[in-house]
Amino acid sequence: MIRRNARLRREYLYRKSLEGKEREAYERKRKIKQALEEGKPIPNELRKVEAGLRHDIELEDDNTAVPRTHIDDEYAHAGERDPKILITTSRDPSTRLTQFAKELKLLLPNAVRINRGGQVITELVETSRNHDFTDIVMVHEHRGEPDGLVISHLPYGPTAFFGVFNTVLRHDIGEKKKVGTISEAYPRLIFDNFTSKLGQRVNNILKYLFPVPKDDSKRVITFANQSDYISFRHHTYTMPKGAKSIELTECGPRFELKLYQIKLGTLDQPHAENEWVVRAYTRSAKKSKLAEAAEEE
């Protein structure tokens, strides 16, 4: 198993190393296409390789016309089988953090919660890989209040780091009669205002924690972005008088997420390349947002 993981890792790094060459070939073919469409002469630097590039263009289809990246490979097979999630906490968790982890376990279908104990990150990731887990979700706290959520996709990444704010657990929302029990049905997902390239990336990281729901599912999970704060809400609904009368029941928990880093690696790789990092007060007018501004659309 160790040698298999090492081989798969080498293959992944090799695919990643080819991206520069594929991007260069794509730019060459794009220039030739543009020259042919506009009736202009072929650029001088491409005339020696024009015949070969034209042949490649003729053989392209919708899947090969645009170069793929290692980012595409991370979730290429995500829909083929249901995700399997490992949920754990930072060391020596408080009662409130443990309760928050338990409620996340109820939220995520096919999730398994374990006590962290004395396990180090390397052991945790290796055990998860060996048992075919697709993601690791780790929650952190500050003075007894949940303040961090890490989602690491296996086997190669990415790893997203979120801040957690305004956490309201199920027993804080109301009595058990009011919030009810959490259904085991696969939930429908609603993503609101994730329109930018970064927003779509975060959308994929969160979306693939959940399996595909059935058509008759009455459970809804909402991720609503507003000013780069992602509000999480969990409801079930009934239609007592048909489709025009919908009654929502909040199941909880309720919290806000704030993305601050995405790494192109797993949780056990501290020196993995950063894909995106929030940088406060630095070029704030042009920094990436989860949703595109109205004037950019």
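Which residue takes a positive phi in the hairpin of E7 and E8? I started my notebook there, on what is a predicted model.

**Entry 1: the E7/E8 hairpin**

I looked up the turn and found Ser-227, with a positive phi near 55 degrees. The hairpin has two residues between its strands. I then checked Asp-228, which sits in the loop between E7 and E8. Its phi is also positive, near 70 degrees, and Asp-228 is not a glycine. Is Asp-228 buried or exposed? I got a relative accessible area of 12%, and the cut-off for buried is under 20%, so Asp-228 counts as buried.

Next I went through the strands on either side. E7 covers residues 219-226 and E8 covers residues 229-238. The two pair in the antiparallel sense, over eight bridges. At the turn end of my list, Gln-226 stands opposite Tyr-229 in E8.

**Entry 2: the other partner of E7**

I wanted to know what else E7 pairs with. Strand E6, residues 188-192, pairs with E7 in the parallel sense over five bridges. One pair I noted down is Asp-192 with its bridge partner Ala-224 in E7. To get from E6 to E7 the chain passes through helix H9, residues 197-207, and this β-α-β crossover is left-handed. I put a mark beside that one.

How many of the eight residues of E7 are buried? I counted six, so I wrote the strand down as mostly covered.

**Entry 3: helix H5**

H5 runs over residues 95-107, which makes 13 residues. From first C-alpha to last I get 19 Å, close to the 18 Å expected at 1.5 Å a residue. Its buried residues are Leu-97, Phe-100, Ala-101, Glu-103, Leu-104 and Leu-107. Seen down the axis of H5, they fall within an arc of 160 degrees, so they line one face of the helix.

Leu-106 is also in H5, but it is partly exposed, with a relative accessible area of 45%. I also looked at a contact across the sequence: Leu-106 and Ser-183 are 77 residues apart along the chain, yet their C-alpha atoms are 8.5 Å apart in space.

**Entry 4: the cavity**

How many cavities of 30 Å³ or more are there? The count comes to one. The largest cavity holds about 130 Å³ of space. I listed 13 lining residues, of which Leu-104, Leu-108, Leu-149, Leu-209 and Phe-255 lie nearest the centre. Leu-104 I already had from the buried list of H5. H5 supplies at least two residues of the lining, and so do strand E4 (145-153) and strand E10 (254-263).

**Entry 5: cis peptides and another positive phi**

I scanned the omega values next. Leu-154 and Pro-155 are joined by a cis peptide bond, with omega about 10 degrees. Pro-155 is in the loop between E4 and strand E5 (159-168). Gly-252 and Pro-253 are joined by a cis bond as well, with omega about -5 degrees. Pro-253 belongs to the loop between strand E9 (247-250) and E10.

Last on my page is Asn-166, which is in strand E5. Asn-166 has a positive phi of about 55 degrees although it is not a glycine. Where Asp-228 came out buried, Asn-166 is exposed, with a relative accessible area of 60%.

How values were computed: Residues numbered from 1 in each chain as written. Predicted model: local features only at pLDDT ≥ 70, side-chain atom pairs only at ≥ 80, totals over all residues. Heavy atoms only, no water. Buried < 20%, exposed > 50% of the residue type's maximum accessible area, 1.4 Å probe, protein only. Helix = DSSP H or I, 4+ residues; strand = E, 2+ residues; numbered from the N terminus. Pairing = 2+ DSSP bridges. Right-handed = clockwise from strand over helix to strand, strands pointing away. Expected span 1.5 Å × (residues − 1). Arc of directions from axis to C-beta. 1 Å grid on protein atoms, 1.4 Å probe; cavity = no way out; pocket = protein on both sides within 12 Å on 5 of 7 lines; lining within 4 Å. Points joined across faces, edges and corners; volume = space filled by probe spheres on them.
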